[in-house]
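Me: I am new to protein structures and would like to see how the labels are earned. Could we go through a few of them together?
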Amino acid sequence: MARDLRYTRNIGIMAHIDAGKTTTSERILFYTGKTHKIGETHEGTATMDWMAQEQERGITITSAATTAFWNYNSKTYQINLIDTPGHVDFTVEVERSLRVLDGAVATFCAVGGVETQSETVWRQADKYNVPRIGYVNKMDRTGADFMNVCAQVKERLGANPLPLVLPIGSEDKFVGLVDLIDMKAIYYNDDKTVRDNFELKDIPAEMQAEAEEWRNKLIEEVAAEDEALMEKFFTDPDSITRAELMAAIRKATCSMKLIPMLCGSSFKNKGVQLLLDSIIAYLPSPVDVPAIIGTNPSNGEEAVRHADATDPFCALAFKIATDPFVGRLAFIRAYSGRLDAGSYVLNSRSGKKERISRLYQMHSNKQNPIEFVEAGDICAAVGFKEVRTGDTLCDEKAPIVLESMTFPEPVIGLAVEPKTQKDLDKLGMGLAKLAEEDPTFTVKTDEDSGQTVISGMDELHLDIIVDRLKREFGVEINQGAPQVSYKEALTKPVQHREVFKKQTGGRGKFADIIFEIGPALGDKPGLEFVDEVKGGNVPREYIPAVQKGFEAAMANGALAGYPVDSMRVVLKDGSFHPVDSDALSFEICARNGFRAVAAKAGAVLQEPIMSVEVVTPEENMGDIIGDLNKRRGQIAGMEQKGNARVVKAKVPLSEMFGYVTVLRTLSSGRATSSMEFNKYDVVPNNVAQEVIEKAAGKRKNIE
């Protein structure tokens, strides 16, 4: 018999760095009975931070999945939980997790409030229409302010926060919560060994009026989203029942009109049980979210799959991981149908059948074998040959392609080589596995120097990769200085004729093309190629070779050898020789034509610009702004946050190497910064000239 999906929740915990995601996840595992002892991030014992690097650094690097069970209203609910990283370097982990989740817990620090990465993950959740509830953690810290964080959620995230609780006391006097739904006070004790470390009491007399005021606000806010409640609210507000109120909150949360806000202190075991109740009460089950829509690959028509075990099987592979014991794991979210261990599925990207030999329910880095997976569930599969992140796995009789995931491009590179020649194969194998796991990590060979260059999102990202190569694959490496991933772009259209002739005795080479080249018209990366040749002046069989030549030329721009992200080529005319022309001649002709015309087409160098946010004491602000200006930074805004000032700026990545050390010096260690990729922009002429000369010098040395 198929499982009742109304009792399943697929949720993720998302937040800025150090908001307490993993600590909250650990409490959820403890209170649901999944673990018998609470693991702590700062002690390196957190269940969900299982990687050695995570335990040493106290940060989450890879999203970990687990399944737990929670009793609510005398029914048992299954919670598939994904704990995601907060560092922007590992943004791919958040992106792919949110793509397959039905709901999320947005965690905020009660002191820091809405921070840079909070905004990033919020946008990602908006992109995938993920309903969420807010959880303000660290209420025991100095400066904690629940209502201030709710106000920031409204102002900075443009959301509609709905406080469901009021804190009783704050900072070191935070002892419990007033539940505005039941109008009861919940007092917590500090016993870490028991699961019901709280008792219900009457609301303290001094908070009664405040509680009444906020409950009225809550009812008014919810009634505004529900016509039936609105009528009751105006005629007899006291007649609104608890069940009606909760049903209306659930409906408004699932449609993303309201964000229920809770608070607590996960580290002190306060507020987590109520958070679990709220996850069940307000976040959607797989049957509450719209049916997944894809495309039928055979005819391009829309195809729909419902969260039902009787529908044809359809799932999305959202993450690939390598496990030392079971090999390659594909984390999959089943949207419809049923898949049995040992059966075959169609990979709609490759068009090939894949055998899934085993299925596992995940608990962090441990696996529990299961016989089958059904619609609405998340599991890991083993046995496939070539599944990639974002692939659709489906029933071969009912093929479907789900929208794949888009990931940001790497912006920083590092040349690496093994310390000993015997490790060369191990290095290649290790890099291939890591690149398969992480779509924002790429490996390529520099054509000029023959060096292996690894690219990622930031210095920390590459630091972790190098560390993993050493620990997991036993490869010691030498590494060069970090390099910025520049790009080249054309800025204006220009027409050109290119003739390629080569006579070497016997059959020669000949190709002649007239084309217009310039920037692409749309936003899509790659080559936009238009064939306007009439009358067979360039035979049909040579047109693909011309396109191939321009595509190949884009890999190494004419200015400094950096890739060209997008461009448009219109092939207008040309000529050929009946004996000397062939496909290779036209391909070479296109390459030469690109290099010859790039300068006339206004070729420019582009660099990654980063959004930088610095939180600093007032007295250091002048020095920090002066330093950012020296780095070609543009100040985008300044605001007050408690006793500190927040400086926001857009700064070229090339100027930000080693910034953390400089910032510590300027502020005596009191300022902090965060940085994420914003966009590519044109490099100023004087700086571009330096980059071009450096690239030319490097090529000369190699020659």
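Reply: Gladly! A residue is called buried when its relative accessible area is under 20%, exposed when that area is over 50%, and partly exposed in between. Keep in mind that this is a predicted model.

Me: Why is E587 called buried?
Reply: Its relative accessible area is 12%, and the cut-off for buried is under 20%, so E587 counts as buried.

Me: What makes K548 partly exposed?
Reply: K548 has 48% relative accessibility. Partly exposed lies between 20% and 50%, so K548 belongs there.

Me: How do you know that E587 forms a salt bridge with K548?
Reply: The closest N and O atoms of E587 and K548 are 3.8 Å apart, and a salt bridge needs such a nitrogen within 4 Å of a carboxyl oxygen, so the pair qualifies. E587 sits in helix α13 and K548 in helix α12, 39 residues apart.

Me: Why is the pair of E613 and K648 said to tie together parts of the chain?
Reply: E613 lies in strand β35 and K648 in strand β37, so their pairing joins parts that are 35 residues apart in sequence. Their closest N and O atoms are 3.9 Å apart, which is within the 4 Å limit for a salt bridge.

Me: Is E613 buried or exposed?
Reply: Buried, because 6% relative accessibility is under 20%. K648, at 23%, is partly exposed.

Me: Which residues are linked with E613 in a network of salt bridges?
Reply: R156, E639 and K648 are linked with E613 in that network. Across the whole structure, a search finds 33 salt bridges.

Methods: Residues numbered from 1 in each chain as written. Predicted model: local features only at pLDDT ≥ 70, side-chain atom pairs only at ≥ 80, totals over all residues. Heavy atoms only, no water. Salt bridge = Lys/Arg side-chain N within 4 Å of Asp/Glu carboxyl O. Helix = DSSP H or I, 4+ residues; strand = E, 2+ residues; numbered from the N terminus. Buried < 20%, exposed > 50% of the residue type's maximum accessible area, 1.4 Å probe, protein only.
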